[in-house]
Amino acid sequence: MEGVDLKLFLLVGAVLFVCGVICMTSKRNGIGVLIGVELVLNAANLNFVAFSRYTPLGLDGQIMALFVIVLAAAEAAVALAIALNFYNNHLTIDVDRADELRG
Amino acid sequence: MTFEVLLNQVIGETLTVSICRFGPELIVSATILVLLLNRLFGIDRWVAPYWTTLIGCMIALGYATNQYLLLQQGTLPAGEYFTGLMMFDGFTVFLRIFLLLFLILVTVLTVLSGIPDLEDGPDFYTLLLGSTIGMMIMSGANHLLMLFIGIEMTSVPSYAMVGFLKGRRQSSEAALKYVVYGAGAAGVMLYGISLIAGMLGTGDMPLIAERIGQLTGTASNFESPLVRTLMLAIVMVFVGLSFKLSLVPFHFWCPDAFEGASAEVAGYLSVASKAAAFGLLIRFCLALTGTIEGAASSPIYLFLGLAIGFVAMVTATFGNLAAYAQTNVKRLLAYSTIAHAGYMLMAVAAMMVLLNAPSGAGLTSFERQELAAKSIEGLLFYLVVYLFMNLGAFAIVALIRNEIYSEEISDYKGLARQTPVLCVCMVICLVSLIGIPPMAGFFGKLFVFASVFQSAKVHWAMWVVFLVGAINTVFSLYYYLQVLKTMFLDERPEGARTIDIPLNPSGWYVIFVTAPLLLLILCTEQLTQTARTVAAGLFL
């Protein structure tokens with residue numbers, strides 16, 4: 001890890017974040033959108049861990065990352081159940097087809 | 001310090017200090033366990049799940065009320081607990097009591113309207129209680145991690161509750177939209193939190209203001225890249241909070257989720273999650289500016305306050321204008337919820353502007369804090385009133401739905417002749433939502449606008465917010481009265497389903513919920529007094 005500084009980690013985190021946001025906004029498949037969300041959460045996690053190594057944030061950062069992993073898992077479970085329920089009712093998980101409620 | 005000493009210290013603090021301050025949350029958690037165990041052993045066939053829920057909530061409410069009394073006497077001092085992760089003060093306890101009271105009212109409503117049947121009861125009440133715990137954590141969060149955990153604990157059960165009616169196409173669509181937007185907003189917020197925590201080297205909210213001061217030093221304008229990054233991170237956190245508050249431009253989910261969900265769930269989300277999110281927003285804003293006597297006012301936060309004011313203005317206007325074209329009552333109430341979030345946000349904007357008044361405004365730091373506390377007081381009053389008027393309106397929609405199987409406004413024609421009690425209560429709720437005296441809603445608006453008026457003396461832009469808020473009240477007249485006109489003046493069409501809700505428990509429930517809107521005028525003084533002590537406690 002010699003010679004690798006905080007900036008590089010933050011750069012990777014930022015790239016992941018942007019990829020995640022693009023994925024969230026451009027995918028039509030419901031699962032694809034959820035994958036985008038996971039990318040964003042992991043970008044934040046990478047930041048936390050990098051900050052805990054290089055800044056006074058210390059162990060707090062790693063603890064936060066652990067909690068986020070658990071919460072992301074819980075969120076993914078509920079989101080997938082909802083996607084499955086949507087599929088059962090609409091026979092598709094294309095989010096653009098979710099257009100019956102409008103006004 | 002060895003590990004053993006550290007461990008003993010943490011255990012000691014947890015057992016003596018933290019557990020009793022965290023009591024209401026623990027009691028609600030225990031209720032969830034009891035609900036699930038009852039189901040496991042088949043006890044829920046004899047003891048209906050709602051009884052377990054109600055009893056658990058009542059105990060928690062009693063505990064929280066006791067905490068409030070002890071806090072006033074000074075026997076249970078305010079302070080941080082769980083090694084600084086959570087905050088225990090009047091504000092926390094006030095919101096806890098508010099949320100638990102609301103939870104009891106919603107549970108009674110679900111019993112009367114029968115939305116979760118006996119089979120689904122344990123699931124539904126588990127989700128309801130779980131999200132309430134999240135909201136209570138939100139109202140007491142003292143650390144950026146708890147802020148995120150609170151929001152997620154609130155959101156995840158809410159997604160499931162919106163999609164609770166599994167077979168309905170609309171319900172599943174609403175849940176999908178809610179979960180996709182919600183997860184996205186939470187992700188963006190978490191990235192913002194990671195930047196703030198990393199740059200400041202701490203997640204402790206009381207330390208944030210001080211650390212920001214150290215970090216930016218004298219560079220208190222947008223030239224410095226540090227300040228710009230920090231502002232970006234703060235805006236990202238605000239994205240997550242605005243989503244929970246359904247502020248423009250993060251409001252898309254709100255009408256869809258409300259239309260797809262059952263009226264009970266919509267009523268629950270419209271009041272409880274808003275109240276908790278406002279509590280969190282106030283805590284976060286105060287963490288940014290710092291509450292210590294003589295905290296420096298900063299032009300950056302003044303700007304932030306004005307930005308919040310702008311969002312509030314746009315939200316209120318958008319909510320009111322979009323409500324015009326609605327044909328579905330729940331959708332109309334959803335847009336009305338958005339508009340009311342806008343009004344309440346005006347109080348937060350006023351707080352930020354007053355707290356960061358430039359030295360030219362001629363306010364001492366003490367006066368600034370006093371005026372800021374006054375805005376929070378107005379907001380708390382508004383929240384209490386809002387609980388009754390919104391719950392009343394959604395309860396009436398739910399009860400009418402059970403009779404005529406419709407939530408379209410056009411199907412409400414001439415209902416007043418068949419069910420006068422519900423319709424008169426609807427009048428009280430909607431008139432209170434408009435804010436016409438002597439309904440309680442008028443006083444809520446009055447207090448909020450009074451604090452905006454105060455802040456207008458600090459910065460001229462708040463005059464615009466004030467005027468737009470006032471004009472919005474007039475806008476909102478039309479669509480609320482449209483509903484009332486349909487109910488009272490139109491003829492009931494031939495062959496329409498008849499409705500008959502005499503003074504049975506449902507009728508009494510609605511009367512019980514709407515009565516405070518008329519009676520609050522008698523005890524305005526007590527309520528403002530309570531809100532004042534609670535708000536002042538934030539600045540100690």
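How many Å should the 32 residues of helix H7 (residues 169-200) of chain B span at 1.5 Å a residue, and how far apart are its end C-alpha atoms? In this predicted model, the expected span is 46 Å and the end C-alpha atoms of the helix are 46 Å apart, so the two values agree. Helix H7(B) is also mostly covered, with 29 of its 32 residues buried. Just after this helix, B:Gly201 takes a positive phi of about 75°.

The largest nonpolar core comprises 238 residues, among which B:Leu99, B:Leu345 and B:Val348 touch the most other members. The element that gives the most to this core is helix H14 (residues 365-404) of chain B, from which 24 residues are drawn. When residues up to four places away in sequence are left out of the count, B:Val348 is found to touch B:Leu281, B:Ile282, B:Cys285, B:Ile308 and B:Leu379.

Between the two chains, 38 residues of chain A are in contact with 38 residues of chain B. On the side of chain A that touches chain B, two or more residues are given by each of helix H1 (6-26), helix H2 (30-54) and helix H3 (59-90) of chain A. Of these elements, H3(A) gives the most, with 16 residues. Classed by residue type, this side of chain A has 26 nonpolar residues, together with 9 polar and 3 charged residues.

Technical notes. Residues are numbered from 1 along each chain as its sequence is written. Chains are lettered from A and ligands numbered from 1 in the order in which they are written. This is a predicted model: local features need pLDDT of at least 70, side-chain atom pairs count only at pLDDT 80 or more; totals for chains, interfaces and linings use all residues. Two residues are in contact if their C-beta atoms, placed from the backbone, lie within 7 Å. Helices (H or I, at least four residues) and strands (E, at least two) are DSSP runs, numbered from the N terminus. Ala, Val, Leu, Ile, Met, Phe, Trp, Tyr, Cys and Pro count as nonpolar, Asp, Glu, Lys and Arg as charged, and the others, Gly among them, as polar. A nonpolar core is a set of buried Ala, Val, Leu, Ile, Met, Phe, Trp, Tyr and Cys residues joined through C-beta atoms within 7 Å. A residue is buried if 20 or more other C-beta atoms lie within 10 Å of its own, exposed if 12 or fewer, and partly exposed in between; C-beta atoms are placed from the backbone. The expected span of a helix is 1.5 Å times one less than its number of residues.
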